[in-house]
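Grab a pencil and work through a few short exercises. Try each one yourself before you read the solution.

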Amino acid sequence: MANRGGKKKLNVIRIVLIVLVILAGIIVFVLNMSKPEEEVDPDFDITIQTEAGEKSDELDTLENESKAEYPVSELESLDVDVFKDKDWVHYLLIGLDNRKDTFEGGRSDALMIFSVNDKEGRIVLSSMPRDTLVYINGKGYDKVTHTYAYGRAKLLVETIERNFDIDIKHYFTINFAGMEKVVDALGGLEMELTQKESDHMLSFFEVGGTKAGMNTLTGKQALTYCRIRKIDTDFARTERQYKVLMKIYEKVKVMSPIKYPSLITAMYDYFYTDCSVAECIDIAQALMELGADSIENVMLVDENCGTGRKINGAYVYVVNDLEETMKEWRTYMGVIGYTPSEGMVEISNHLKNNY
């Protein structure tokens, strides 16, 4: 019986650490401190970083006042009373596409809504493509990936809430340079690559050392794998990001607890969250009780609900019917009685009528 008790305690510890990695910024719980980002006023004139070999994909404001049903100023005055999903708590996970140890000027290259339902014991990760066209307060229509560069987490949270009618409880931000540290601290990740993926990592990103088939990816290679999209689609890129996240999950689940301090130390400088210490503890306890062994993966915006096109020379993904897309997502989540906010309905209508 004593041995069983010891195993149970060890499993509890491992579950807590799994939660820390998946929620990125939850490590502040272990370090006993909260680390929110510095809030800044939006700056729409900055130069946005781009990937190696790419021309700038910055867009001028896409709003055409002559054909807009609601000009920018009027749209921002509409109701933004975000719908509250009963029994669900939503967190925003932000992966920044930075090549340096900084959070400035980077795009939100990976975006996932991490949703927890204590009552039903469900955890859902909902992703969206980085090029999804959204309305940004003060800017107009632009790619969601640019939002963080313009106004950091605060503006990004507001944008997600306004466009997708999702009440975000807290955010967790990781600079992708930090993901390299995490993977290296875990001893690499076992990933299966196609020949196209391996070749593209070398030819486009100039990161070699991989082959078709199984590989033990270093942090740099894993990050490069997450960035691949030229050989297929943004949706395939999002799937790669999810695969890497789950591989990290699997490694932490079986790692020795004595390695936890070094892993946490390696990650800390690359994470931010607006959770207080008490809130981080509450989240960790709630997820620990759920077990976190089964995480559902869905697309908030999938390849069947929109069309990709070039506008002003930049590629964007336009959701054909944003209102219907969010209704379908709520159906998957089991939410009953969803009433879209006025602001989201008008954005949905504007996208349908103008793009």
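A salt bridge here is a side-chain nitrogen of Lys or Arg within 4 Å of a carboxyl oxygen of Asp or Glu. Keep in mind that this is a predicted model. By the rule above, the count comes to 13 salt bridges.

**Exercise 1.** Check the pair Lys-154 and Glu-158 against the salt-bridge rule, then work out where the two residues lie.

*Solution.* Start with the distance: the closest N and O atoms of Lys-154 and Glu-158 are 2.8 Å apart. The cut-off is 4 Å, so Lys-154 and Glu-158 form a salt bridge. Next, the location: both residues lie in helix 4, which covers residues 147-164. They sit four residues apart, about one turn of the helix. Last, accessibility: partly exposed means between 20% and 50% relative accessible area. Lys-154 has 39%, so it counts as partly exposed. Glu-158 has 32%, so it is partly exposed as well.

**Exercise 2.** Say which helices hold Arg-240 and Glu-197, and whether the two residues are buried or exposed.

*Solution.* First, the contact: the side chains of Arg-240 and Glu-197 meet in a salt bridge, 2.9 Å from N to O. Now the helices: Arg-240 lies in helix 8 and Glu-197 in helix 6 (residues 195-203), so the pair ties together parts that are 43 residues apart in sequence. Finally, both Arg-240 and Glu-197 are buried.

**Exercise 3.** Find the partner that Asp-131 has in Arg-130, and list the network the two belong to.

*Solution.* Asp-131 forms a salt bridge with Arg-130, and their closest N and O atoms are 3.0 Å apart. Both Asp-131 and Arg-130 are buried. Now follow the shared partners: salt bridges join Arg-130, Asp-131, Lys-143 and Arg-229 into one network.

**Exercise 4.** Place Arg-237 in its helix and find what its side chain reaches.

*Solution.* Arg-237 is found in helix 8, residues 234-254. Its relative accessible area is 1%. Buried means under 20%, so Arg-237 is buried. The side chain of Arg-237 reaches the backbone oxygen of Arg-227 at 2.9 Å.

**Exercise 5.** List the buried residues of helix 5, then look at Gly-187 just after that helix.

*Solution.* Helix 5 covers residues 176-185, and its buried residues are Phe-176, Ala-177, Gly-178, Met-179, Val-182 and Val-183. Just past the end of helix 5, Gly-187 takes a positive phi of about 85 degrees.

How values were computed. Residues are numbered from 1 along each chain as its sequence is written. This is a predicted model: local features need pLDDT of at least 70, side-chain atom pairs count only at pLDDT 80 or more; totals for chains, interfaces and linings use all residues. Side-chain values use heavy atoms; hydrogens and water are left out. Buried means under 20% relative accessible area, exposed over 50%, partly exposed in between (1.4 Å probe, protein chains only). A polar contact is a pair of N or O atoms within 3.5 Å; within protein, one must be able to donate a hydrogen and the other to accept it, and residues adjacent in sequence count only if both atoms are side-chain atoms.
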